[in-house]
Amino acid sequence: RSLDADGSGGIDEEELYTALRDIRYPNNGDRGGANSKESLGAEEARQLREDVATIMSGVDEDGDGVIEFSEFATAVDNMDDLDQRRFLEELLRGCGVAQG
C-alpha cells in the first residue's frame with residue numbers, strides 16, 4: 001500500500017492519519033466497524049491527530065499541508081537516532097515506498 005493514497009505526489013494530513021491509524025491499530029475493524037476514524041476511541045483519535053500535527057509541523061517545511069518527497073527525505077536524513085531511522089525505513093518498505 002502507498003502512503004500517497006490519492007497519487008498526488010505528497011502525503012497530506014489525512015493520508016498520514018490513515019497510515020498511522022493502520023499501523024497502530026491494524027485490527028481496528030474487528031472492534032465493531034470499518035477501519036475508520038469513527039471506530040477509534042476518542043483518546044486514540046485525539047492522540048493520532050496530535051501525532052499527525054507534530055509530524056506535519058516538523059517535516060512540512062513550506063507549510064502547505066503536504067509532505068513532499070524532498071521534505072520527507074530531508075527529515076529522514078536529519079534523524080539522529082539510528083533506531084528511529086531504521087523503524088521509519090521499515091515502515092516505508094511495509095507501505096510500498098521505494099527506497100533509494
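**Exercise 1. Find which elements the buried residues of α1 pack against, and list those residues.**

Solution. In this predicted model, β1 (10–12), α2 (42–59) and β2 (66–68) are the partners that the buried residues of α1 pack against. Next, pick out the residues themselves: Glu15, Leu16, Tyr17, Ala19, Leu20 and Arg21 are the buried ones in α1. To finish, look at the helix as a whole: α1 covers residues 13–24, and its 12 residues reach 16 Å from first to last C-alpha, close to the 16 Å expected. At its N-terminal end, Asp12 acts as a cap, with a side-chain oxygen 3.1 Å from the backbone nitrogen of Glu14.

**Exercise 2. Work out which residue forms a salt bridge with Glu14.**

Solution. Start at Glu14 and look for the salt-bridge partner: Arg49, with the closest N and O atoms 2.8 Å apart. Now place the two: Glu14 sits in helix α1 and Arg49 in helix α2, 35 residues apart, so the pair links distant parts of the chain. Then check accessibility: Glu14 is partly exposed at 38%, and Arg49 is partly exposed at 30%.

**Exercise 3. Trace the network of salt bridges that includes Glu50.**

Solution. Begin with Arg46 and Glu43, whose side chains meet at 2.5 Å, N to O. Both lie in helix α2, three residues apart, about one turn. Add Glu50, and the three are linked in a network.

**Exercise 4. Decide where pLDDT stays under 50.**

Solution. The stretch is residues 30–37. Where pLDDT is low, predicted coordinates should not be read in detail. For the whole protein, the mean pLDDT is 77.

Key:
Residues numbered from 1 in each chain as written. Predicted model: local features only at pLDDT ≥ 70, side-chain atom pairs only at ≥ 80, totals over all residues. Heavy atoms only, no water. Helix = DSSP H or I, 4+ residues; strand = E, 2+ residues; numbered from the N terminus. Expected span 1.5 Å × (residues − 1). Buried < 20%, exposed > 50% of the residue type's maximum accessible area, 1.4 Å probe, protein only. Contact = heavy atoms within 4.5 Å. Polar contact = N/O pair within 3.5 Å; in protein donor to acceptor, adjacent residues only side chain to side chain. pLDDT = per-residue confidence, 0-100. Salt bridge = Lys/Arg side-chain N within 4 Å of Asp/Glu carboxyl O.
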